[in-house]
Amino acid sequence: GEVGFSHAIFEEYLAAVHLSGRPLGEQKAFIRDRVADPRWSNVILNLLRLHRRPSDVEELVRDLEEAPVTGLGRVTRDLVLSEIAFGEGTCPARVRRRHVATTLTAIETGPWMPARLASLGVALDGSGAGIGHEAIAERLPRWFPDTQVGRADLYTAMASWPASPGL
């Protein structure tokens, strides 16, 4: 009377299939209640990928964005949003574009290095439907370590510049 699976990914996918047959309101409540828990990230991502109507995906993503999360829950939620931005699915381009920008900003300036590295992994592994790859290609020259040595003269010159908000 029981069915066992050799890998959790099967269970996560089947949970998403089950959820996709539930009313949209129940799906939204499920996402709000579990977005901070990393154990449910793959279920949420699979659920979003199973939707065929971009308007439903946009509505679910909006609820995901607005879910009240704190601490590590925020990191988990942001990684799910990064997966949406750089992954496959029917997410509208404007939503994808917004989260590509947010992810890349988090990679460059985020306060916690493990979260920055996780976001970088998502960005580099994902397809991004072209949007993400274009943004990464634009920023990659800034990310790649400079092979020039002897930048001391540059820093010395910058130290003599007058202080200003732009500087």
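Colleague: How many cavities of 30 Å³ or more does the structure hold?
Modeller: One cavity of 30 Å³ or more is held by the structure, and please keep in mind that this is a predicted model. The largest cavity has about 70 Å³ of space in it.

Colleague: What makes a space a cavity and not a pocket?
Modeller: The test is whether a 1.4 Å probe that fits inside can get out. In a cavity the probe cannot get out, whereas a pocket is an open set of points.

Colleague: How do you know which residues line the largest cavity?
Modeller: A lining residue must have an atom within 4 Å of a grid point of the space. For the largest cavity the lining is L45, L48, R49, V57, E83, I84, E88, G89, T90 and C91. Helix 3 (41–50) and helix 5 (71–86) are the elements that give two or more residues to this lining. The largest share, three residues, is from helix 3.

Colleague: Which classes do those lining residues of the largest cavity fall into?
Modeller: Five are nonpolar, two are polar and three are charged. G89 is part of this lining, and Gly counts as polar by the rule used here.

Colleague: Why is helix 3 called roughly parallel to helix 5?
Modeller: Their axes come within 10 Å and cross at roughly 30 degrees. Angles under 35 degrees count as roughly parallel, so helix 3 is roughly parallel to helix 5. As for handedness, helix 3 passes helix 5 in a right-handed crossing.

Colleague: How do you know which residues of helix 3 and helix 5 meet?
Modeller: Contact requires heavy atoms within 4.5 Å. On the helix 3 side we find S41, I44, L45, L48 and R49, and they meet T76, V80, E83 and I84 of helix 5. Sorted by class, the residues of this contact are five nonpolar, two polar and two charged.

Colleague: Why is helix 5 called oblique to helix 6?
Modeller: Helix 5 and helix 6 (93–109) pack at an angle of about 125 degrees, with 8 Å between their axes. The range for roughly perpendicular ends at 115, and roughly antiparallel needs over 145. An angle in neither range, and not under 35 either, is oblique, and therefore helix 5 is oblique to helix 6. This crossing is left-handed. L81, S82, I84, A85 and F86 of helix 5 meet R96, H99, V100, T103 and L104 of helix 6.

Colleague: And what makes helix 1 oblique to helix 3?
Modeller: Helix 1 (residues 8–20) packs against helix 3 at about 50 degrees, with the axes 8 Å apart. Roughly parallel needs under 35, and roughly perpendicular begins at 65, so helix 1 is oblique to helix 3. Helix 1 passes helix 3 in a right-handed crossing. Helix 1 brings residues including Y13, V17 and L19 to the contact, and helix 3 brings N42, V43, N46, L47 and L50. By class, this contact has nine nonpolar, three polar and one charged residues.

Colleague: Which residues lie nearest the centre of the largest pocket?
Modeller: R74, V75, D78, A106 and S119 lie nearest its centre, out of 17 lining residues. The largest pocket has about 380 Å³ of space. Helix 5, helix 6 and helix 7 (113–125) each give at least two residues to its lining, and the largest share, seven residues, comes from helix 5. The lining of the largest pocket has seven nonpolar, six polar and four charged residues.

Notes: Residues numbered from 1 in each chain as written. Predicted model: local features only at pLDDT ≥ 70, side-chain atom pairs only at ≥ 80, totals over all residues. Heavy atoms only, no water. 1 Å grid on protein atoms, 1.4 Å probe; cavity = no way out; pocket = protein on both sides within 12 Å on 5 of 7 lines; lining within 4 Å. Points joined across faces, edges and corners; volume = space filled by probe spheres on them. Helix = DSSP H or I, 4+ residues; strand = E, 2+ residues; numbered from the N terminus. Axes fitted to C-alpha atoms, helices over the stretch in contact; angles between N-to-C directions. Left-handed = near helix turned anticlockwise from the far one by under 90°.
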